[in-house]
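Welcome to this guided tour! Open your viewer, get ready to select and colour residues, and follow along stop by stop.

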Amino acid sequence: MGTEFKAVAAEEVSPPEGVEWAPARLLQCYGAEAGSDPASRLELEDLLQDKLLPSFADEADAEALHARALTVAHGELAPLQRKAFLSLLRAKRLSQDQLRKWLDLHRAVKEKRASGSAKEEMARVAAASAANFPEPAKAKEVWDAIGASKDGKVAKSLTALAAASSSRADALTARVELRRRLSPHLPASALPLVESMASRPGMLLASSSTAKCLLERVAALVDQSLGAGGGSLPELALLIDVTSVFPEVLGKGGAKLVEVLSAACGSAEVDGAVVCDLLRVVHNVSAQLASEAPNVRRPLVALLCQKCCGKDVEAGRLAAACLTTSVLLPALRDKTFETLATKLAASLKGRAGPQQHTALAALAVFAKRLPAGLGDERAAMLSDVRSELVEASTSTTGAALTAKCESQRRGVKLLANELLGADAAAGKSELEGDAEEGTLVVPGEGAARARAVFELLVRILEAGGAFGPSRGAPAEEQAALRLEAGCALLALARTRSLSVTSVMGPERWHRLGDCMQDEDPDVRAKYALKVYRELMRPFNARKTMAASGAPTPYLVFRKSGLPPRFCPLLALAALDANKTNASLAKNYLTSMCRRLRHCAEELKQPHVMPEAQLPWLVHLLAHHAHFEEEYEEDPCLPTTQRCLDFFLSALLAGASEFDLLRTVGNLIKRSSDRASDDSHEVHTVADVAREILAMRGKGGKWSHRPVPSSLRLPQMLYTHAPPGASDGDFDMLPHGFKLLDHVGKGGGGVLAVTGVKRSSPAAKRLSAATPKQRALPSPVGIDTGSAKKARRRSSKGSGSGGKGSGGKRRSKDGSSGEESEEEEGGEGGEEASPMEQSDGEEAEQGAAARLKARQEKEERQEAERSARAKRRSSADDEQGSAASKTPKRRGTPTPTKGARSSATVGENVAPQGSPAKGRSTRARR
């Protein structure tokens, strides 16, 4: 296949059939397997870098042929495979940075300029680099040999491999030279490892010479107007990916890039997508353009300002992002932004159209990345934008109304970005309070402005998008406005100061779930994806890697994602009629739960655990708009069950933290709701969650980790119960509640037997007092261990609740009006005491001891009942009593609640209690 790609590069034709799938398949395997298998990663890199793409060493124009072959291979990639290619480039960048850091430390130690800890740091860097290879111990030996070598050519070869400005020819020569120099000092078995280590730098795949060839190719295509109407160019797509990871490859090609951009903008025949891609390249290499001569930067800045004031929205947005980088020197920044802000503000007062949309997009970029770019009159300008959002449009139909609605949506984004930029610029110094305690506030004017924007966004959601200019717009325009408002609220919730009680509060937080149940399926799908992407920001390499030349506050802010408490929003997708949306949301939620659990274990922060986010979902469902209506109409609470089971199944797909989930449920039951007077709603939903959890945990509900002692509920939603409140954990489930047939099945949980209807609420649960050990008892009173299994086997043929069956009788307390359950009989009717959970042998020994004690107690009770039955049978001979006169053999276990009798069918068994004199009870089958 390397020969085929060599021919393709030489003849500039498309790859033949059967060959174009090779790069896509290699990168697909890289993305799927390389993360956990270093050997597979190195093998795939070698196949793609040295086998599929030939070296063209014997050709005069080897660099151009290699760039052409790489462009053809890159052009065959699908979006996911292109992400894998970017991941490969980032891995190479990491290896290259480690090599460069090691060389700097080695040079400092050799010149005796370093401190005593420099050698330890060198060892750490070498160990980190060796961990990326299949045999880290052998890789560490190679690093030791390199460190001990006194050959200057070894250091020179490593420097060429570490430099991002090296050409591909220089990197190939350095790789060969490094192996030749180290071969006398290493065994023959270690030489392939030296080859692999020398092949890791990215210059062997895409170097400065590759970027130069790509840029020349783009310039030729633009001059020939080959980019007209055909969308983007494959050479530009490759150049964007390479410069996003290795911006140094541009080298001194800034003048050529500006020349190509000017030619593309000045030609009416070049497609706008080509201009946008060139602007993306400018943004990637902005740090290199800052060192260019003034005669290169000056026309570039003028061209960017012209695009900001133009009619191409995407090009204007990208140009504004470029102006916020180091392309614009600090000495000229204030004056440039002042002039530009004046022109953009004038466009806002004109008629709604492409120019106004472009101005709003550019101002939104300035507000988020560099708030100073809005100018001195930004307060008045933002006030005008808010007024335009509220005022109804005079246009009733046609393109004018559509343009006005788009201006409204872009105005929403501008207001949200202004808050985000101000928060990022303020940093931690201007914030007061503690975010974890829920007392963090934005001081002064910032808090009032934030609350005003929050209220505006919430009003848009409450109005269903029929707000301001969109009031008389078509349904699709109103749906787009709802989505924009919901995404703006999510973006504001990312900030540390705008997502706490002082600004958001429980009511505004509940509104974030409205878009998950929007009437438009596209809104639901896009909003779920937005939630997932915002949660994934700290794990997204494109966000965590520093963008070259971007403002520092923006770089810090772009890494911050939504707090873990927003994961429960995805659980509302359980009610989505579109199965595709529900399936995608389930995948998002499962992926986030695994990542959060890993982070909580690594960082030792239990509040990050996904199980600790259950109180947020309980509160969200308890204050759902339709909860009260459903509570009155359907005692099974089906929508509540489905959302809770959706969330619990995602949690249990990667772990079995039943103890932690039970503890969270018990904490909710012992707390009060800040948004309700009697906390009835949250306690009811918590009981539903505990019922589902009990069903899922029937087969194996022991956790492998201790419950954190520092676990607590969010203070924004819950508070401690008042001093005079009862400590009892009462069942709040409605009369007639039962679990749905599909609830408790699949998704990582044990298949549960459901559909058992509750005839009335139970009187009281087990005590919710905090136990001494790490776990709380099962909240629904389900025993565990051998005794539970024996009773489950014996209960298959018996009923409950009837006379003589050892069942329950229900009585009503006339004073309180609460129904209670009492066990018939005296000693045998005691409620099971809470059992402390433990792990390993302690759990088995404790269960065996409790079982033995229970059996001894049942034997004593059986002996007493047998004696009483004997006396009653002798007294009832004259009446022809059906009771058996033969007492039961001692030692036979007595059936407990709902358990099957151990006697044979047809044999009379004395009841557990003290029935009326002269009567007996026949055991049910």
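Helices (H or I, at least four residues) and strands (E, at least two) are runs assigned by DSSP and numbered from the N terminus. This is a predicted model, in which local features need pLDDT of at least 70 and side-chain atom pairs count only at pLDDT 80 or more, while totals for chains, interfaces and linings use all residues. Residues are numbered from 1 along each chain as its sequence is written, and side-chain values use heavy atoms, with hydrogens and water left out.

**Stop 1: the whole protein**

Start with a cartoon view. The secondary structure of the protein comes to 35 helices and six strands. What share of the 925 residues counts as buried? The value is 51%, where buried means under 20% relative accessible area, exposed means over 50%, and partly exposed is in between (1.4 Å probe, protein chains only). Now think about contacts, meaning heavy atoms within 4.5 Å. Among contacts in the protein with a separation of 6 or more, 75% are between residues 24 or more positions apart.

**Stop 2: a loop after a strand**

Select S679. This serine is found in the loop between strand 1 (671-673) and helix 33 (680-696). Is S679 buried or exposed? S679 counts as buried because its relative accessibility is 4%. Check the backbone as well: phi of S679 is near 60°, a positive value in a residue other than glycine.

**Stop 3: a loop between two helices**

Next, select K604, which lies in the loop between helix 28 and helix 29 (614-622). Phi of K604 is also a positive value in a residue other than glycine, near 60°. K604 has a relative accessible area of 70%, so this lysine is exposed.

**Stop 4: partners far along the chain**

Stay with helix 28 (residues 579-603) and pick S591, which lies in that helix. S591 counts as partly exposed because its relative accessibility is 22%. Now add G654: S591 and G654 are 63 residues apart along the chain, and their C-alpha atoms are separated by 9.3 Å.

For another pair, select A541, placed in helix 26 (residues 541-544). A541 is partly exposed, with a relative accessible area of 29%. Draw a distance line from A541 to R90: they are 451 residues apart in sequence, yet 8.4 Å apart in space, C-alpha to C-alpha.

**Stop 5: helix 7**

Select residues 136-148, which make up helix 7. The expected span of a helix is 1.5 Å times one less than its number of residues. For the 13 residues of helix 7 that gives 18 Å, and its end C-alpha atoms are 18 Å apart, so the two agree.

Which residues of helix 7 are buried? They are A139, V142, W143, A145 and I146. These buried residues lie on the same side of helix 7 because they cover an arc of only 160° around the axis, the arc being that of the directions from the helix axis to the C-beta atoms. Turn to the other side of helix 7 and you will find A137 and A148 exposed. The cover over the buried residues of helix 7 includes helix 5, helix 6 (118-130), helix 8, helix 9 and helix 10.

**Stop 6: helix 5 and helix 9**

In helix 5, select Q98. With 14% relative accessibility, Q98 counts as buried. Leaving out residues up to four places away in sequence, Q98 touches V125, A128, S129 and N132.

Move on to helix 9, whose 15 residues reach 21 Å from first C-alpha to last, close to the 21 Å expected. Its buried residues include R168, R175 and E177. Helix 3 (38-52), helix 4 (62-75) and helix 11 (208-223) are among the elements that cover the buried residues of helix 9.

**Stop 7: a cavity among the helices**

For the last stop, look for empty space. On a 1 Å grid over the protein atoms alone, a cavity is a set of points where a 1.4 Å probe fits but cannot get out, and lining residues have an atom within 4 Å of a point. Grid points are joined across faces, edges and corners, and a volume is the space filled by probe spheres set on the points.

How many cavities of 30 Å³ or more does the structure hold? It holds five. The second largest has about 150 Å³ of space. Of the 15 residues that line this second largest cavity, the closest to its centre are L99, S129, W143, M197 and A198. Helix 10 gives the most to this lining, with three residues. By class, the lining has twelve nonpolar, two polar and one charged residues; Ala, Val, Leu, Ile, Met, Phe, Trp, Tyr, Cys and Pro count as nonpolar, Asp, Glu, Lys and Arg as charged, and the others, Gly among them, as polar.

Terms used
1 Å grid on protein atoms, 1.4 Å probe; cavity = no way out; pocket = protein on both sides within 12 Å on 5 of 7 lines; lining within 4 Å.
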